[in-house]
Amino acid sequence: MGNIREMLNPRSVALVGATDKENSVGRAVLTNLLQGASRPLYPINPNRNSVLGIPCFPSIRDVPSRVSLAVIVTPAHTVSTVARECGEAGVPGAIILSSGFGEADPQGKILKEELTEIRKRYGMRIIGPDCLGVILPHINLNTTFLTTNPKPGNIALISRVLGDAILEWGGATGIGFSMFVSLGSMVDVGYGDLIDFLSEDYNTTSIMIYMENVGDAKRFISAARGFALRKPILVFRPGRSEIGARFIVARAGGPTGDDQVYDAVFKRVGAVRVSNIEDLFSMVRVLDARRLPRGPRLAIITNAGDVGIMATDTLVELGGELAIPSDANLNKLDFFLPEQWGRDDPIDMAGHSDMRRYMNTIEAGLHDDGVDGILVIYTPRARAGASDLAQIPIEMFQKTAKPIIVAWIGGERAAEGCRILLQNNVPAYATAEEAVKTYLYMYRYRKNIDLLYETPGEVIHADPPLKNYLKTAVGQAVKDQRRILGTEHALDLLKNYRIRTVKTAVVKHFDEMLRTVREVGLPLLLTIRRVHEDGEDHIISVATEEEAEKVYREVKQRFGREDHAGKQEVEIILQKVVVPDVYRLKLESKRDPEFRTVLGLGRVQEEGGKVCMALPPLNQTLARRFLERAGVYSALKDTDAGRKALAKLEEILLSFSNLVVDFAEIERLELVLWIGQSDVLAGDVKIIPSSDYDDSTPYPHLVIAPYPSRYVTTWSLPDGTEVLLRPIRPEDEPMILEMLATLSEEALRTRFFTPRAITHDLLIRSCNIDYDREIAIVALVKKDGKKRIIGGSRLISEPDSGNGQFAILVHDDYQRMGLGAKLIDILIGIAQEKHLDEIYGLVLTENQKMLALCRKLGFKVKWEPDGVSRVTLSLKV
């Protein structure tokens with residue numbers, strides 16, 4: 001990140017293509033750059049001696065001092081030469097506003113490839129081309145040609161091209177920005193890079209993103225998930241309609257991800273997706289306030305019943321719930337509401353309601369456990385004025401963590417009340433519908449964040465017994481360019497991953513069919529599949545022996561000539577129907593153009609119905625949420641048999657996810673799940689091997705790193721006690737809490753330097769990690785039949801720097817036994833595998849035992865201020 005940090009906080013700037021020509025991009029950018037008067041600015045133009053009275057240089061090589069940032073606005077055909085000169089001059093970063101690099105244009109594609117090569121050769125970071133530029137109000141840097149100059153604030157806005165309209169909109173509503181970046185064609189710097197940069201920016205409390213395509217999906221997911229654990233991310237992505245999606249594909253110059261997959265991604269990383277630009281600004285204030293509802297139950301308080309009904313319609317249509325007042329709350333409300341009130345929600349207080357009635361009704365809702373949030377509606381029918389009445393929700397808002405949102409409806413007086421409410425951080429809207437929509441965004445954000453913080457239950461992790469044999473079989477299918485894996489191998493795969501299947505037999509000759517029908521038993525499904533073609537299967541339902549005879553004659557006549565006919569080999573699959581066809585699910589994995597392997601789940605009965613998407617790998621919590629989003633949970637949760645089926649479905653989803661993770665060689669896997677009263681069985685399995693499988697890197701088919709089981713090992717303490725050393729898992733949180741709770745104050749102080757509360761927030765961040773960026777190894781022993789964590793080490797890779805920071809902690813009871821050295825040694829090996837240049841740690845200078853251990857392992861020790869020493873180990877060969 002070093003070069004990005006320098007280019008976005010530059011000591012000096014060069015503008016290549018500077019000019020004083022009226023109405024030109026070069027002049028507009030120069031004018032904006034001149035606002036940063038304290039920063040050296042070097043105009044570059046070989047045809048000018050000076051521009052706007054500032055000395056001009058023919059080339060960046062002629063500038064008298066080092067340049068931190070080059071802004072390039074020259075014609076597209078000159079940009080490669082200019083970028084190369086910047087690289088030779090040691091410029092760490094460039095922002096390229098020049099257009100003409102579109103993917104749909106063959107020449108533009110060539111120019112982009114040239115830029116990519118130059119960027120790699122010189123290690124220079126590039127924003128753009130085809131972008132609007134960057135604005136950083138807090139340091140008075142504006143590299144755009146826009147006339148907009150946003151005021152400093154705490155919101156970062158990242159967009160590919162669209163941005164000036166959003167900035168204007170934000171300015172009109174009084175919102176300030178910490179950063180605006182237009183990414184353009186993303187030849188280098190993308191969303192993930194900037195989210196990483198902003199995660200360390202004190203001025204940024206939230207990020208708004210306009211996204212058409214993600215670019216580097218893996219980097220985005222990794223960065224966004226880390227940021228969302230602490231601060232909100234809001235995303236507006238168009239293209240939900242088929243026509244809109246086609247426009248995005250045309251602009252991207254190639255296939256883009258499925259919109260439902262984008263939905264799943266945003267949920268997985270803890271971001272909130274909004275449906276329009278206006279919602280970005282509606283949401284950014286309420287999410288930053290962190291007053292989030294526990295659930296979807298909204299109490300609607302109004303002095304106009306008709307408006308309350310409209311709000312209710314919107315709430316139900318968007319998936320929310322009306323809060324049902326408790327009996328105790330109903331009795332309270334009876335004291336001060338008119339006799340004709342309906343004792344129901346929405347709570348109609350009548351048009352002549354005064355300030356006291358509003359106050360009492362809101363207060364009753366705040367004390368009702370069945371209410372997750374409150375919508376307060378004002379219309380001019382009330383006795384109190386809009387501005388005076390605004391003081392009631394302001395006062396209540398300051399007393400509670402339960403969210404209160406308001407709709408102040410009706411002309412100029414209501415607008416003044418809205419302004420007062422907003423000044424006091426109360427979310428206020430001009431319509432009840434807009435307020436309801438905001439509340440449900442808040443609830444969904446809370447659900448997404450809870451997903452990041454939820455600790456999954458412990459699951460036994462074990463490799464399937466015949467994984468290597470099956471990998472050989474699938475690999476052979478890839479080598480033989482078979483478009484479909486043989487059904488017998490497919491069934492073996494499911495069996496080895498503990499996914500039970502319906503009774504199935506496979507025959508290769510039609511003459512074997514009738515005999516096998518009797519062995520399998522009726523009723524059954526007969527599937528005719530051409531194994532060398534990825535086409536539609538021919539499926540026939542067979543209920544009686546007479547039907548079996550008839551089907552045998554028909555299929556033999558139609559397909560018999562293809563039987564064992566070389567490339568037209570036919571496979572005959574007989575599958576027993578043993579479960580009543582009451583509820584069936586289709587489960588699949590497939591490849592997405594941007595997010596690689598994705599999972600899909602939907603009901604078979606719903607032709608053209610919604611298919612819910614998710615990203616592997618799954619854990620127990622993610623599997624349960626997957627079932628919830630697919631509508632399966634609500635359909636099965638109300639009966640004992642249904643709840644048992646849900647537990648089995650969770651297990652199947654976990655096994656299916658593990659299978660998909662282990663087999664990059666599989667491009668598509670489809671199966672149907674039969675859910676019955678006593679069991680869940682899989683059938684109709686179809687596996688398509690990958691035609692472009694690449695095993696040069698681990699898990700090339702995933703954008704989220706799976707659990708790194710290759711680091712699991714055992715070791716022994718001097719007394720012979722066996723220690724299991726393995727990467728941390730989210731479900732380790734209770735054991736981590738137990739270890740930290742039993743440490744001495746001295747051990748805690750030397751690890752964390754200062755007193756630190758052991759909170760759920762701290763623990764979940766420690767256990768639920770991104771294995772691409774961070775590895776934490778825990779040491780476990782068994783004592784009296786109970787597992788216990790006795791120490792751990794952690795290595796965090798710093799993006800793009802080649803460095804990693806490490807830390808270790810060993811429980812007091814197990815110090816001076818060699819465990820600390822072993823934990824550091826494991827990290828050194830992992831750092832070497834990741835090709836890091838060096839690893840370092842920070843140690844209290846008084847902690848001489850740790851410093852001595854580091855010296856023994858080859859680290860160099862350097863004293864730093866404030867009683868801290870930096871220990872560094874170079875890994876360069």
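Student: Which residue in β37 is the bridge partner of leucine 842?

Tutor: Keep in mind that this is a predicted model. Start with the strands: β35 covers residues 838-844 and β37 covers residues 868-874, and the two run antiparallel. Leucine 842 falls within the β35 range, and its bridge partner over in β37 is arginine 870.

Student: How many bridges join β35 to β37?

Tutor: Look at the sheet order first: β30-β31-β32-β33-β34-β35-β37-β36, so to speak a row with β35 and β37 side by side. Between these antiparallel strands, the number of bridges is seven.

Student: Which strands are the edge strands of that sheet?

Tutor: The sheet is open and has eight strands, with mixed pairing. An edge strand here pairs on one side only. That fits the two ends of the order, β30 (713-716) and β36 (860-864).

Student: By how many degrees are neighbouring strands of this sheet turned against each other on average?

Tutor: Direction is ignored for this one, so to speak: just take each strand with its neighbour in the sheet. The average comes out at 25 degrees.

Student: What volume does the largest cavity have?

Tutor: Counting cavities of 30 Å³ or more, the structure holds three. For the largest, the volume is about 50 Å³.

Student: How many charged residues are in the lining of the largest cavity?

Tutor: The lining is Thr487, Leu491, Thr504, Thr527, Arg529, Ile573, Gln575, Asp684 and Val685. Elements that each supply at least two of the lining residues include α19 (487-496) and β29 (680-689). Sorted by class, there are three nonpolar and four polar residues, and the charged ones, Arg529 and Asp684, number two.

Methods
Residues numbered from 1 in each chain as written. Predicted model: local features only at pLDDT ≥ 70, side-chain atom pairs only at ≥ 80, totals over all residues. Heavy atoms only, no water. Pairing = 2+ DSSP bridges. Helix = DSSP H or I, 4+ residues; strand = E, 2+ residues; numbered from the N terminus. Axes fitted to C-alpha atoms, helices over the stretch in contact; angles between N-to-C directions. 1 Å grid on protein atoms, 1.4 Å probe; cavity = no way out; pocket = protein on both sides within 12 Å on 5 of 7 lines; lining within 4 Å. Points joined across faces, edges and corners; volume = space filled by probe spheres on them.
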